[in-house]
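Please load the model in your viewer and keep the selection panel open. The tour below moves from one selection to the next and says what is found at each stop.

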Amino acid sequence: MAITAGLRNMPTMNLKGWMEHDGVRLSPVDVERMLGEGPEAIARCGGEFALVWDDCIARDTFGIMPGPVPPGTVYCSGREVARIAPEPEVCTLEEAIVAAVGLRSDEGVVAFSGGVDSGLVAHLAHLPCVTVGIGGSHDAGWAAKAARTMGLDLTTVSPTEDEVAEALARVVRVIPDPTNPVEASIATTLYFVAAWAEDHGHTRILAGQGADELFGGYARYLTSPDLATELERDFADLGRQGTRDQAVAALHGAYFSMPYLDIRVVRAARAIPAAERVRGGVRKYPLRVVAERHIPPEIARAEKKAMQYGSGIWRAMQRLARNNGYKKSVQGYLTEISRAQHDY
């Protein structure tokens, strides 16, 4: 009875996502108790969250969970009162990835393409996996082969062209740059992952976003004249990408969870010199070294196409553009869709 009476005096809160402190997941009651100590009490909390209580709002360090205040801040009465700055114990890259996935694996699905990023997450998470691949696409075949090799529970979503058109109509209404073909094609691929998650009762989707920017996954890094600067610039762009991805997930009442953007992983990765992240012509070298200790070497070493190409979504968009009179301009087709959707 004493505990119940005490809880009645604690702040009313709304927590989207999840929180942890020193590697321990916090229950809603734990968070309420911390808030009773004042806003500064949550400054050392990690996780992926947007937390609202009384006249205060807080967001996780990297802003994984959308919210109306800047990432990594606590605002009360419209002004910043604290910074979210978790300080977990220093650990190796492998320890960091294992801990990050473990904290996120109590519920959800894994967006799986069969590459090293999602392959390592899928192996560690032991959750159902879903891939998007139109019949005959690269990702459909490779993901199925990788899943069999790894013993994963995989579902392949193969949308029809009509379903891609329907998804585009919804996607262009919510993403920040709806007429950009690359942005729209990535968002549309993720749309089908989130739709499958919703249909199967899941709200959390573990994804490999951030691995390319942290470890040097893009082909252009192989010839970069200033790799360190380019990696920093691309890492800074992850917030914009996250806004796009979470807007799409929200259409299905879900959110993307990013183990590679866990504070432990980011800290360990950024401590590795740029020249060691892309080494001997091998991109994401440190991640592949870790992955080979957990998953088959052929998957840890696999080079993959970007999701919008590997899934076949990009080609479907090109066909839709041509069929609607835009023979050479996917952007023109997207502009028409966007105009119609926003006018509506």
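Begin with C56, which at 5% relative accessibility counts as buried, where buried means under 20% relative accessible area, exposed over 50% and partly exposed in between, computed with a 1.4 Å probe on protein chains only. Before going further, note that this is a predicted model, in which local features need pLDDT of at least 70 and side-chain atom pairs count only at pLDDT 80 or more, while totals for chains, interfaces and linings use all residues. Residues are numbered from 1 along each chain as its sequence is written, and side-chain values use heavy atoms, with hydrogens and water left out.

**Stop 1: the cysteines**

Add C76 to the selection: C56 and C76 form a disulfide with their sulfur atoms 2.0 Å apart, a disulfide being a pair of cysteine sulfur atoms within 2.5 Å. The pair links distant parts of the chain, with C56 in strand β4 (residues 56-59) and C76 in strand β5 (residues 73-76), 20 residues apart; helices (H or I, at least four residues) and strands (E, at least two) are DSSP runs, numbered from the N terminus. If you set a dihedral about the S-S bond, the value for C56 and C76 is 110°, and the link is right-handed. Like its partner, C76 is buried, with a relative accessible area of 9%. A search of the whole structure finds 1 disulfide.

Why is C91 without a bond to the closest cysteine sulfur? The sulfur of C91 is 18 Å from that closest cysteine sulfur, which is in C45, and this is too far for a bond. C91 is partly exposed at a relative accessible area of 22%, whereas C129 is buried, with 1%.

**Stop 2: the sheet**

Switch to a cartoon view and select β1 to β6, the 6 strands that form an open sheet in the order β2-β1-β3-β4-β5-β6, with antiparallel pairing; two strands pair if DSSP finds at least two bridges between them. The edge strands, each of which pairs on one side only, are β2 (24-25) and β6 (79-83). Towards the β6 edge, β5 and β6 pair in the antiparallel sense over 4 bridges, and the partner of T73 is R83 in β6. Now add helix α2 (residues 28-35), which packs on the sheet and touches β1 (13-21), β2 and β3 (46-53), contact meaning heavy atoms within 4.5 Å. The direction of α2 makes about 95° with that of β1; axes are lines fitted to C-alpha atoms, for helices over the stretch in contact, and angles run from 0 to 180 degrees between N-to-C directions.

**Stop 3: helix α9**

Select residues 227-236, helix α9, and colour its buried residues, L227, E230, L231, D234 and F235. Seen down the axis of α9, these buried residues fall within an arc of 135°, so they line one face of the helix; the arc is that of the directions from the helix axis to the C-beta atoms. On the other side of α9, R233 and A236 are exposed. To see what covers the buried residues, display the surrounding elements, among them α8 (211-215), α10 (238-250), α11 (263-270) and α12 (274-277).

**Stop 4: charged pairs**

A search of the whole structure finds 25 salt bridges, each a side-chain nitrogen of Lys or Arg within 4 Å of a carboxyl oxygen of Asp or Glu. Select D106 and R25, whose closest N and O atoms are 3.0 Å apart. D106 lies in the loop between α3 (93-103) and β7 (109-111) and R25 in strand β2, so the pair ties together parts that are 81 residues apart in sequence. D106 is exposed at 51% relative accessibility, while R25 is partly exposed at 29%.

Next, in helix α10, the side chains of R244 and D245 meet in a salt bridge at 2.7 Å, N to O, and both ends are buried, R244 at 3% relative accessibility and D245 at 2%.

Finish with E20, E48, R104, D262 and R264, which are linked in a network of salt bridges. Within this group, centre on D262, placed in the loop between β11 (255-257) and α11 and buried, with a relative accessible area of 3%. Leaving aside residues up to four places away in sequence, D262 touches A100, L103 and R104.
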